[in-house]
Structure formats: C-alpha cells, structure tokens
Amino acid sequence: MRTKTLALSALLGMLGTASLVAQSNVYSVNAVGYINVTLYPGYNLITCPLIASPDNTIATLLNNSTGAYQVGTGHSALRAATFQYSNGVPGSYINADQANSTFATGGWAGGGATTINPGQAIWFQNPNPIGGAVMTATFVGTVPQNNTPTNFQLPNGLTNIIYPNYNLMGSIVPMSGDLATNSISLFGTNAASGTLSLGPTKNDVVFVYDPTPNGGGGQGGYSGYQFTVNPARTHFAWSPDPVTATVYEGFWYQSTLGTNSLGVPTNNYWVENFSINP
Amino acid sequence: MKKTLTVMTLLAGAVSVYSQGAVAMNDYNGGSAGFEIQVFTAQSLLNSTVPIVDGIYAGFEEQGQTSNSYLANPGSTVYHTGAPLGPGYSIGLLALDGGGALLYSQLTSVVTLSSPINSWYNNATSVTGGDNYGIWNTPAVATVAGLATTASVAIAAWQNSGAAGAATTLAEAQADGYAWGLSNIETANLATGDNSPGYLPSTITSFSLAQTVPEPSTIALGVIGASALLFRRRK
C-alpha cells in the first residue's frame, strides 16, 4: 500500500500509455507523468525523476526560449543559473550555466547542456530576491522502471552509485516523503537487502535543502540526517527519521565509506525497485 | 658506498633548490610597469557572470579589466556594487608546474609564499582615494614546486577569519564557508636559479569574490555535534 501511495503520488495523477491494448492481462509498457516544479528565489536543489524527450538537458527541462528564467531583458537582466556536480573521487562541479538574454538554444548562455537525469540533482538559482517571485517548470517524461532499457540517462538501471564523500543526487524513481524506508527504496537499513545494496554506513549524512523562505537561504537552508545509533542503542537509524524530500528535490549524500585495502574507493549503492505492472 | 649516498643526497637537494620556480606576487608597483589588479567583494548577481567551479565549491563572480585604475570597476563595461577588499582578506597563488591547466581543479594550492599576503593599500598608505583599494600591499614571492620554467597560475582571494576561526589557505576558507574567489587562469614565467622572479602575468584581470552555492561541508560538523547532544540528553 505504501508503495502504491508513493508511486501514485509521484506520478501525480497522470498516466499515459505508449502501447496500450484494452484487453485483460495486457499492460502498457510505459508510464508517462509530469511534475510541477516551484523554484524559489535563491538556491533550489532539484532532480528530475522522469526520462524526458528528447533529453534531460536544462535546454529541454528548463527551456528559456521565452525568457522564463530571467528577470528583465538585455544587459540589465537578472539571469537564473545552474550548477551540475559530478559525483566520484574526487567529486567536483563540472558545469555552470546562466540563462541567456538572447534566448538562443533554449536560452542558456552555455548552451543548456547541463543534464538533470533521473538520480542526478543540480542547483538552480532563481535570481529574484528572497521573498520575491517564484519561477516554475513542468517536467514531462517517462517514469523509470525496472524494465527501462539501459541508456545514457539510466546507466545502471534503478541503481544509483554513491561514491565516497559528497554526492549530489536524487531518487531515480519519482517519490516523495520518506526517501529511505519504503518498498521502492532499499536504503532504509544497513542490512544488505539486494544484490548491490550495501545500505547506509555509520555516520553517513543526507543533506536536504529547503529553498522556501522558511529555509532561511544560504547554508541555513540545510537539514541534516545522520545514520547513527538510535537512543536505545539497539540499532542504527536515520536521525532525524524519516529522511524526507519532495518529488523533485535533490539532496547531498555524504558517504563515509573510504577506500579498501588496495586503495580503491569503496562505492555504495542505492537500489530502487519499481514497476507499474504486476 | 656511504659517501656516494651522501653526495647523491646533497646533489639531489641542490637540484631541488634550483629547480623551483619563483614569481613575484607584487600588486601595484607605484604606477610603474608590472602587475596591477584589484580584487572586490562579491558583486551583484547581475554582474556575477563568470562561473567558478573548484571541486565541491562553485559560484559565479565578475572578472575583467587587466589593470586597475584605483577604485575603477573590475569589469570594463559594468559597475561593481561590492567594495574592494581590505583587511580581513588574504591572497594566495594556485599553480600547476609546466602550464596547460584549464580547470581550477588541476591547480594545486601547494605554493609557498615568502610571507602571508593579508595587508592592503588604503587611505593610510600611499594611494589617494577611498578606504580600501582591493590592491594588496605585501611584496611576497611565491615558489612553485617543479622543474618547469612556466606554470599555469590563478590568484585566490578569501576571507581569512570568521565564526569558524582563522583561515590561512583557500581550502580552509572554503571549508569554513567563508567568502572566496579566483582569478582567471594564465601562464606565468618562473624564475629559476639566480634569476630574479618575474611579475605575475599581466593577462590576469581584476576579479571579485564569488556568489557561491551553499555547500554542506561545514554543516556536517554541526549535524554530528547536534546528534551527539541529542543522544546525551536522551541518555
């Protein structure tokens, strides 16, 4: 029931069909959904758990051809900005872009090549002053499932690799609420429950960023969740629990796994399991 | 055998001394030829258009104008809104021996300065005008480890103290959540051996500190501390 609730809330009520046959025991292959995104003034940590067409670049998902992501025009325009982070060892920001007043190529000065693939998260900076006007976006695309063909947007199916230290990421599957403990995600305990899932490690930290005026902006916008021993010292759990985020909200995952005896970085894995068909 | 080893060690030491490249970190030479730029506090979002990505830290800043004109804009066509740097900020050099770096992450901060650069021209010194000029006033020499006669270099500027204590390096300032910024990356000629160190490359422009993305590293300590406190209280 929880899976259904999460999945259905994530699909936001719109399920389309790519190949639908109205006969019993014949199911649609794909589910298509959309997500309405609110981008508050200041920084927003966003993810797109949908496979968009033709791609998941910001030129597609955050199309600025009409100037939606700038305030004013010409040289005096305040322009939205994005930052893409590459997880790995060492992790690093690899791309930064700003809305372009010429509106060319999706209206991004850097060409809009920054991606927000399922499982990835990027920073979006709304240039309006804190408390000012929000910006919006609507992400449309196919919902990733267990049977989604492996391609450049889902290189590891529904498995998100977590590298040592900082990772900027989101759920591959659209879901909101408790990110860690549900039947879509296998990341709620530290017991190995899948072929790749190692589970969180002691002192791992998830940072969720609140972009609303309530979040305070800047570093004060972070809420930290640490995987640590519970007060009764009976087991490890996320503290606070649950780890919550909205359907398009990304987060930092700080993995405490380091390197093995051969000096090779030790990765962790967040495995998700989702299919709309029985 | 022992003698041979000793001689080899001494020779190696000699080679390393003469293979290190030096560059003068002077900014503003009394109006004479040399290196002259200004460094500013973070500019408005409107003027912060140059992306700066350095590992886990990122932001946008303003860069421009290859020589200072005493309180002029760092960019040649826009007006700065932030103040020039003064006391409370430090300057350092990032470098890659041999040159060729395109990314800040390719530069290393292991550059030795003959003295910390944290004093600035202001009204009390020789230049007339406002309170601070964004022009540092420490004639230090930077030594870049390596064998080459050129290096890719970028100037780093950062807030050197705050709630988290003193920050003597760019990395410390970034980890502490302090303001920081980087110049464009250019190629510097390094002096080796008995040659006098040359100036920083004149193609490095004035720049501002960055409007930075909130980074989580300083929060981590707070979370761990808060968790420990919570655990103690419940106990």
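In what order do the five strands of the open sheet in chain A stand? The model on screen is a predicted one, and the tour begins with this sheet.

**First stop: the five-stranded sheet of chain A**

Select β10, β16, β12, β13 and β14 of chain A, which form an open sheet in the order β10-β16-β12-β13-β14. The pairing is antiparallel. Next, colour the two edges: β10 (165–169) and β14 (236–239) of chain A each have a single partner strand, so one side of each is without a neighbour in the sheet. From one strand to the next, the twist averages 20°.

Within this sheet, isolate β12(A) and β16(A), an antiparallel pair held over four bridges. For a single position, display A:Val205 together with A:Gln254, its bridge partner in β16(A). In general, the strands of a sheet pair through backbone hydrogen bonds.

**Second stop: the interface of chain A and chain B**

Show both chains and select the residues in contact: 33 of chain A meet 29 of chain B. Together the two chains bury about 2500 Å², with 69% of that area on carbon and sulfur atoms. Which strands of chain A each supply at least two residues of the side that touches chain B? They are β4 (78–79), β5 (81–86), β6 (92–98), β7 (122–126), β12 (205–209), β13 (222–229) and β16 (251–255). Highlight β6(A), which gives the most to this side of chain A, with five residues. Colouring by class then shows 17 nonpolar, 13 polar and three charged residues on the side of chain A that touches chain B.

A search for specific interactions across the interface may follow. Between chain A and chain B, four residue pairs are in polar contact, counting pairs with both residues at pLDDT 80 or more. The rule for salt bridges finds zero across this interface.

**Third stop: the three-stranded sheet of chain B**

Move to chain B and select β3, β4 and β17, an open sheet of three strands in the order β3-β4-β17. Here, too, the listed pairing is antiparallel. The edge strands are β3 (50–54) and β17 (211–212) of chain B, each of which pairs on one side only.

Now zoom in on β3(B) and β4 (57–61) of chain B: five bridges join these antiparallel strands. To finish, display B:Asp54 and, opposite it in β4(B), B:Tyr57.

Conventions
Residues numbered from 1 in each chain as written. Chains lettered and ligands numbered in written order. Predicted model: local features only at pLDDT ≥ 70, side-chain atom pairs only at ≥ 80, totals over all residues. Heavy atoms only, no water. Contact = heavy atoms within 4.5 Å. Buried area = accessible area lost by both parts, 1.4 Å probe. Salt bridge = Lys/Arg side-chain N within 4 Å of Asp/Glu carboxyl O. Polar contact = N/O pair within 3.5 Å; in protein donor to acceptor, adjacent residues only side chain to side chain. Nonpolar A, V, L, I, M, F, W, Y, C, P; charged D, E, K, R; others polar. Pairing = 2+ DSSP bridges. Axes fitted to C-alpha atoms, helices over the stretch in contact; angles between N-to-C directions.
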